[in-house]
Amino acid sequence: YSNGEVAIHQVSYHGDTNKAPKLEETHRWNAHTLFGCPSEVWTCSFLRGAENVVLSGADDCSMKIWDIRQTQRPVHKVGDREFEAGVTAISSHPSLDNIFAVGSYDEHVRLYDYRKMAEPLRKVSVGGGVWRIKWHPSTWSGESSCRGKLLVAAMHGGCRIVNFPSLDGGVEEEYTAEEADVLSEFTAHESMAYGADWISFGSPELEAAASCSFYDRKAFIWE
């Protein structure tokens, strides 16, 4: 929330499809401040493999890790010694426990392992402030050949497809901080690219992406 808070809601579905789902708030806490004032929370995420863990990122140049059973203080904080601007996007890996990607206004995407938080596994420059990160859709089914592939909307830098090779087919305990690859760029937007998502055809060999930008009011589909 813009007031620095993070909240968790439980969605309950009824057997009657004519009734709207019930939305109930179960947790709320003050998560981020800057100079004693609330700092806008730009992103939050659950973490695969740790059911009580929530990640949050905000305009205060920090990412925090929370245990929702005890939210008085974060379990871990990565602050401005690592991030040079606000933390805008966090995405837990769909099929790998403990692995998540973090995007920031400082124009970098970072890959983290929750078990090794001293530093990111890898940091890659994408040429613009990061607003959206999307794992390749095949990762939801556990497909190993694209497990390290990310689509990034990088605002004035356009869009990038980034690959972390150490996630492709590797054994979980053997993730390394090897070089990340920028596989392709899309820079046709004449304004800041805020939105991006994959278009899936059910095969890693057939893939495309869609992206949109704000001020020029344009959307593109590209390979």
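Val-102 touches Met-63, Phe-83, Val-87, Ala-89, Ile-90, His-108, Val-109, Arg-110, Tyr-112 and Ile-133, leaving aside residues up to four places away in sequence. Val-102 lies in strand E10 and counts as buried, at 0% relative accessibility. The model is predicted. Its protein chain has 0 helices and 19 strands.

**Overall build**

- The protein chain has 223 residues and a radius of gyration of 18 Å, which agrees with the value near 17 Å for a compact globule.
- The C-alpha trace spans about 50 × 45 × 45 Å along its principal axes.
- Of the 223 residues, 48% count as buried.
- Take the contacts between residues at least 6 apart in sequence: 47% of them join residues at least 24 apart.

**Surface and charge**

- The exposed area of the protein chain is about 11,600 Å². Carbon and sulfur atoms supply 47% of that area.
- The chain carries 21 positive and 32 negative charges. The mean positions of these two sets are 5 Å apart.

**Around Val-102 and Tyr-112**

- Val-102 and Arg-81 are 21 residues apart in sequence. Their C-alpha atoms are 15 Å apart in space.
- Tyr-112, one of the residues that Val-102 touches, is found in strand E11.
- Tyr-112 counts as buried because its relative accessibility is 1%, and buried means under 20%.
- Beyond four places in sequence, Tyr-112 touches Met-63, Val-78, Glu-82, Phe-83, Asn-98, Ile-99, Phe-100, Val-102, Met-117, Glu-119, Pro-120 and Leu-121.
- Met-63 and Phe-83 appear among the contacts of Val-102 and also among those of Tyr-112.
- Tyr-112 and Arg-122 are 10 residues apart in sequence and 7.4 Å apart in space, C-alpha to C-alpha.

**Tyr-114**

- Tyr-114 lies in the loop between E11 and strand E12 (122-125).
- At 25% relative accessibility, Tyr-114 is partly exposed.
- Residues up to four places away aside, Tyr-114 touches Leu-47, Ala-50, Val-53, Ile-65, Asn-98 and Phe-100.
- Asn-98 and Phe-100 are also among the residues that Tyr-112 touches.
- Gly-79 is 35 residues from Tyr-114 in sequence. The C-alpha to C-alpha distance of this pair is 16 Å.

**Lys-64**

- Lys-64 sits in strand E7 (residues 62-67).
- Despite its charged side chain, Lys-64 counts as buried, with 10% relative accessibility.
- Its contacts beyond four places in sequence are Ala-31, His-32, Val-54, Leu-55, Ser-56, Pro-74, His-76 and Lys-77.
- Lys-64 and His-93 are 29 residues apart in sequence and 17 Å apart in space, C-alpha to C-alpha.

**Aromatic pairs**

- The count comes to 10 aromatic pairs.
- Trp-42 and Tyr-105 form one that is edge-to-face. The ring centres are 6.2 Å apart, with 80 degrees between the planes.
- This pair links distant parts of the chain, 63 residues apart. Trp-42 is in strand E5 (residues 41-47). Tyr-105 is in the loop between strand E10 (99-104) and strand E11 (108-113).
- Trp-42 is partly exposed, with a relative accessible area of 30%. Tyr-105 is partly exposed too, at 29% relative accessibility.
- Which residues do ring pairs link into a cluster with Trp-42 and Tyr-105? They are Trp-131, Tyr-194, Phe-214 and Tyr-215.

**Backbone with positive phi**

- Most residues other than glycine have a negative phi.
- Asn-98 is not a glycine, yet has a positive phi of about 75 degrees.
- Asn-98 is found in the loop between strand E9 (87-92) and E10. With a relative accessible area of 11%, Asn-98 is buried.
- Tyr-112 touches Asn-98, and so does Tyr-114.
- Arg-217 is not a glycine either, and has a positive phi of about 55 degrees.
- Arg-217 lies in the loop between strand E18 (206-213) and strand E19 (218-222).
- Is Arg-217 buried or exposed? Arg-217 is exposed, because its relative accessible area is 72% and exposed means over 50%.

Definitions and conventions: Residues are numbered from 1 along each chain as its sequence is written. This is a predicted model: local features need pLDDT of at least 70, side-chain atom pairs count only at pLDDT 80 or more; totals for chains, interfaces and linings use all residues. Side-chain values use heavy atoms; hydrogens and water are left out. Helices (H or I, at least four residues) and strands (E, at least two) are DSSP runs, numbered from the N terminus. The radius of gyration is taken over C-alpha atoms; the globule rule is 2.2 Å times the number of residues to the power 0.38. Buried means under 20% relative accessible area, exposed over 50%, partly exposed in between (1.4 Å probe, protein chains only). Contact means heavy atoms within 4.5 Å. Accessible areas come from the Shrake-Rupley method with a 1.4 Å probe; for residues, only the protein chains shown count as cover. The place of a charge is taken as NZ of Lys, CZ of Arg, CG of Asp or CD of Glu. Rings of Phe, Tyr and Trp (its six-membered ring) pair if their centres lie within 6.5 Å; planes under 30 degrees apart count as stacked, over 60 as edge-to-face and the rest as tilted.
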